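This report considers a structure in three steps: one sheet, the fold of a chain, and the relation between the copies. The sequence and model are shown first.

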Protein chains: 2
Amino acid sequence: MEQTSYWLWYPGDFERYHALKQNFSRVERGFGWPAFWKSEGFRQRVVFRRGYTLTEDTSFTVRAVTGAVGYVLLDEQKYPIGKEISCPAGTHSLAVHVGCIGCVPSIYVQGACIRSDGGWKVGDFDGEPVFAAYNRYFTDPARDPSAWAYTEKLYLPVSVEAVNGGTLYEFETELTAALEVKGEGLPTVYLGESRAEALDTKNCYFFCSPDAETRRCPRQALRYAFLPGCEPGAYAVRAIHQYVDIPVRARFASDDGELNRIFTVAAHTFSLCSGVFLLDGIKRDKWIWGGDAWQSLFVNRYLTADRELEKRTLLALSPGEPVTTHVNTILDYSLIWLLSIETYFESYADEELVRMLWPRMKSLTALCMSQRDEYGFIVGRKKDWVFIDWADFDRDGPLCAEQMLLAEALRVMARFAPASERGLYEDARRALLKQIEAFFWDGEKGAYIDSFRSGKRRVTRHANIFAILFDIADDRRGRLLADTVLFNDEIPAITTPYFRFFELEALCRLGYLDEVLAQIKAYWGGMLRLGAVTFWEEYDGAKPLEQQYEMYGDPYGKSLCHAWAASPIYLLSRWFVGLRPQSPGGEEYELRPQTRFFRSLDCSFPMGGKLLHIRLENGQWNVEETQIMGYSSPCAGR
Amino acid sequence: MEQTSYWLWYPGDFERYHALKQNFSRVERGFGWPAFWKSEGFRQRVVFRRGYTLTEDTSFTVRAVTGAVGYVLLDEQKYPIGKEISCPAGTHSLAVHVGCIGCVPSIYVQGACIRSDGGWKVGDFDGEPVFAAYNRYFTDPARDPSAWAYTEKLYLPVSVEAVNGGTLYEFETELTAALEVKGEGLPTVYLGESRAEALDTKNCYFFCSPDAETRRCPRQALRYAFLPGCEPGAYAVRAIHQYVDIPVRARFASDDGELNRIFTVAAHTFSLCSGVFLLDGIKRDKWIWGGDAWQSLFVNRYLTADRELEKRTLLALSPGEPVTTHVNTILDYSLIWLLSIETYFESYADEELVRMLWPRMKSLTALCMSQRDEYGFIVGRKKDWVFIDWADFDRDGPLCAEQMLLAEALRVMARFAPASERGLYEDARRALLKQIEAFFWDGEKGAYIDSFRSGKRRVTRHANIFAILFDIADDRRGRLLADTVLFNDEIPAITTPYFRFFELEALCRLGYLDEVLAQIKAYWGGMLRLGAVTFWEEYDGAKPLEQQYEMYGDPYGKSLCHAWAASPIYLLSRWFVGLRPQSPGGEEYELRPQTRFFRSLDCSFPMGGKLLHIRLENGQWNVEETQIMGYSSPCAGR
């Protein structure tokens, strides 16, 4: 009768606690850089409860997370935490009271009949008790949720080189690793995503010394490590890669070797950026950004279909009550968070998470609606960041792209709203679309303008791309926008890979797959030709390798392992292999392979809890479905 | 140019963090007992800012609280925390970014010109930046606000006795002390507020072992310590009393030795219960209760006039947004918290704190108003505790005493409301008073009934006492209530010292000072006659000493050092010496000594920032005022 016990916590609080840890984990050149937005706490006092009817005498032990105080209440009797408690046969009510200031209050119960699993409820002395949450990573009584229990893998250097009077260690790929340095004393080690960065002891992002006892440096992103003033052999250096074990389920093998390599490197890049949460990059920022996360949901649907990773991320981004600030302070990221919930729902049909988030979705939407001006357009407050993209918008007055995001968010809200509230969102969306058409559509230019107040009537790509993605432009107008905007060289090009994703998606929607494929090969193929082993935050094909590391005015500012650079996984899967869910959760799916691009194909994708094995050989298409084991396991948590 | 630097934090967050620590500090018989109400967090990410114009070059060092991450931003340049930073003459903007999960993010800046003091602002990435808060206890860079820096005083045992095969150590009074036990091994020590408790190794509340290195046990309430199985001399035992240094300013010496002794023991009791916050007791619960705290405000006004202690307590009790639960879960304590703010304001005229709390006062009042039934009466929800007192009320339907508290809270709200909102509260109060009169006043009985729904028309003292205290009964009716209720032996007596305070106050209001004095001498004098060195949570004159320790069904459940037992300080000062503030803050005051009770008097009380030295000798009254040094010091914080 050996069954698993799980660490239990109040739903969402684990994510809020670990999101704080994640967003406070950025370190650069010796100082910490906690994320610059309102940071919400977690419940510090909860009580877990469960009733048992036992046919025999039993015993159990309750553990609590490091730093917690509390007690066990079995029927009317109090017991300390941490000691074995006997419980006779019969009907019993069990409660575990816990308070913890420094981390999420959580418990672990071990026993033959009484254990911590999905049957427990948890209360916070406010709302009705809810089912306690847990996950598959926290089943070991000795590893409590105060720190993430990373999986470790040892990497030896693939090259050790005497250079600049010191020794440079190179690993086969970028890692998030604790460098182990054995030898005399506690030398300072300089780390780099690139060889150039590690050797530049003045400007590299990370330097560290091993701990005297463990000989380990703190976990950091690295591919190169440089020890100045020592010869190869003076130290034994290894990297202990620390990662969250999320199996990659997708495989892509076509007759086009370059595409295969792009897919593989994209998958590797994305896996490195998939930790406790969907991160932007592993060197920088290591923050949970709503915009980046939304794009990652599209990739992850095809790559790992790990629902828990996405759920943790959406919970980490969810605003706390009262909702007074925007996700990451960014107005558009609040709207994008609402869209993300639909993207997640399309992948997994998880009604429970939507139900859990609904009150916050409503509050956040209410905040957004409260920021509408006299025309009904959403505008930023002084403390809000109206981002959309790094681009030269006409920012005088409401931005068209924000209105399109709001319209799309209202569609999502109407979709998930109870029937009685749906009309409100639908009406608001209809009215907004009318105003967008009246104020932002320029019939002469055949395009949406950025802003109307200045009278400049400037056109950029962004709003026009959103118009296509969100079906604000109908088919006819979408085709028009391809000419007037997307293929119009006079409209400034998108410069960020973040918005390039939306542009490529719009091109795919309009059927320009040849153009998209060419761009994939030029941009991602270009990085491969420069020797990239992970895909970068940004790439400019016109520059030589040594000029690629600079960004944001910092010589090594560019992240060389960045999640949004993994978008070929989505583009190839969705538009070229032609696979997409047709019902929420993907139990029904559509497969429309673009046969003209492939002579042979042998690939696998997760969809609706199954693994689809898709093959093309000698002009024959073949699809096999196999159930993914453990896909809907009880470990999924509530 | 040596000036003080202070640890800085976001106003209120220090109190929220330490309130969590306080409310989670209760320990009984080996298990922790965190308080059972919704426990709110603190801001985990803040930024401190200040501009400087320097006439000369300088340097400074920034420290952050244990566990914090962050950086210093001087103009455009980032620096790590903890290192000396040079700053040339000229105009500079300085920011310190800090994130901290486990405790209140706070900083300390040390330098000749640049230092952390009252000129800094702090922001939370949400509201407008506000002036950073600080206090006089945290000026040492080596003692950060993660733990309270207690003042220590060494106590040696006044008696060491061989008993029950072990050794019993007695101290001259009850202490909150870390017991130091030097000698062989790490023996288990049993502590007691009473000799009986310490010797009862099975049932005593606290047992502990010294830490191997420091030889100290955790800080606990104790007067007696018992080491079983050892002879006197086997161990060197001392108590290190750890307390918050709050000077007692009052002194009371009359020709009545018993009264003097009552005042002294009450002052000692109250001081022991005045720590970081105004606590109920030092052995139990060590929680911050709104009802107990309100009563303590009346005592503290006369005893220490330490505004900061009261402010910390009011902030610790303040509900977090969104306000969905009641103070300590108790409906009446929410209303009492509102009344407490007025009591505090009467003592110190601190408009700034009222301004800071006003949004929460409004939210809490709104919650209370939302709980009114069809008659306009406030009723508890399922999760609320409708307390009033441990008494046999007719609890069917709305309770009269709650309505009276609500009416009084509405008066307070109207008093502090901006002119535009005042009418709302006044109207609500008027309507409520009308309903109280219609539904709860029983003209035949000449008393307010508990509840009207059951038809029982039961009369208890509580609502009638509130009617007198809150001027709901006019003078004529007040005198009537004395006969029909207060001096009517058929109405069940008040059994708790908590409500006895309100009853004595009502009697004083009605002028029954002789009766009150007799009660003081019987009740508090009775405890003294049983050898009390601190006043107890409760006392029954009919029982012998050995039966006094039981309460709540627990053989040592009674707290022997309990704040609410210090009320003679207030009663004697306010009603017998006859001193009270006449303007908020007490700059104007009334002194109407009840001469018939004293032949001589020599006492001091703080009032309006001055110390009043009041003497009666040979029928002559004399009052001298001296300024209290440091009373309005900058250490007061904002």
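In chain B, four strands form an open sheet in the order β19-β24-β25-β26, and their pairing is antiparallel. The edges are taken by β19 (251-254) and β26 (620-627) of chain B; each has a single partner strand, so one side of each is left without a neighbour in the sheet. On average, and ignoring direction, neighbouring strands of this sheet are turned by 20° against each other. The model described here is a predicted one.

Pairing within this sheet can be followed to individual residues. Strand β25 of chain B, residues 610-617, is joined to β26(B) by eight bridges in the antiparallel sense. Within this part of the sheet, B:Arg615 lies opposite B:Asn622, a residue of β26(B). Strands of a sheet pair through backbone hydrogen bonds, in either a parallel or an antiparallel manner.

Turning to the chain as a whole, the secondary structure of chain A consists of 14 helices and 26 strands. Its radius of gyration is 26 Å, close to the 26 Å given by the globule rule for 638 residues, so chain A is as compact as a globular protein of that length. Along the principal axes, the C-alpha atoms of chain A fill a box of roughly 80 × 75 × 60 Å. Of the 638 residues in chain A, 46% are buried. When contacts in chain A between residues at least 6 apart in sequence are considered, 71% of them join residues at least 24 apart.

The association of the two chains involves 33 residues of chain A in contact with 33 residues of chain B. Several elements of chain A each supply at least two residues of the side that touches chain B, and they are listed below.

| Element of chain A | Residues |
|---|---|
| α1 | 13-23 |
| β2 | 31-32 |
| β5 | 69-74 |
| β6 | 77-80 |
| β8 | 90-99 |

The most is given by β5(A), with three residues. By residue class, the side of chain A that touches chain B comprises 14 nonpolar, twelve polar and seven charged residues.

How are the two copies related? Chain A is superposed on chain B by a rotation of 180° with 0.0 Å of shift along its axis, at an RMSD of 0.0 Å. This is the relation of a two-fold axis. Within chain A, the C-alpha nearest the axis belongs to A:Gly102, at 1.9 Å from it. The same surface serves both copies, since 100% of the contact residues of chain A recur in chain B.

Terms used. Residues numbered from 1 in each chain as written. Chains lettered and ligands numbered in written order. Predicted model: local features only at pLDDT ≥ 70, side-chain atom pairs only at ≥ 80, totals over all residues. Contact = placed C-beta atoms within 7 Å. Nonpolar A, V, L, I, M, F, W, Y, C, P; charged D, E, K, R; others polar. Rg over C-alpha atoms; globule rule 2.2 N^0.38 Å. Buried ≥ 20, exposed ≤ 12 C-beta atoms within 10 Å, placed from the backbone. Least-squares fit on C-alpha atoms with pLDDT ≥ 70 in both. Pairing = 2+ DSSP bridges. Axes fitted to C-alpha atoms, helices over the stretch in contact; angles between N-to-C directions.
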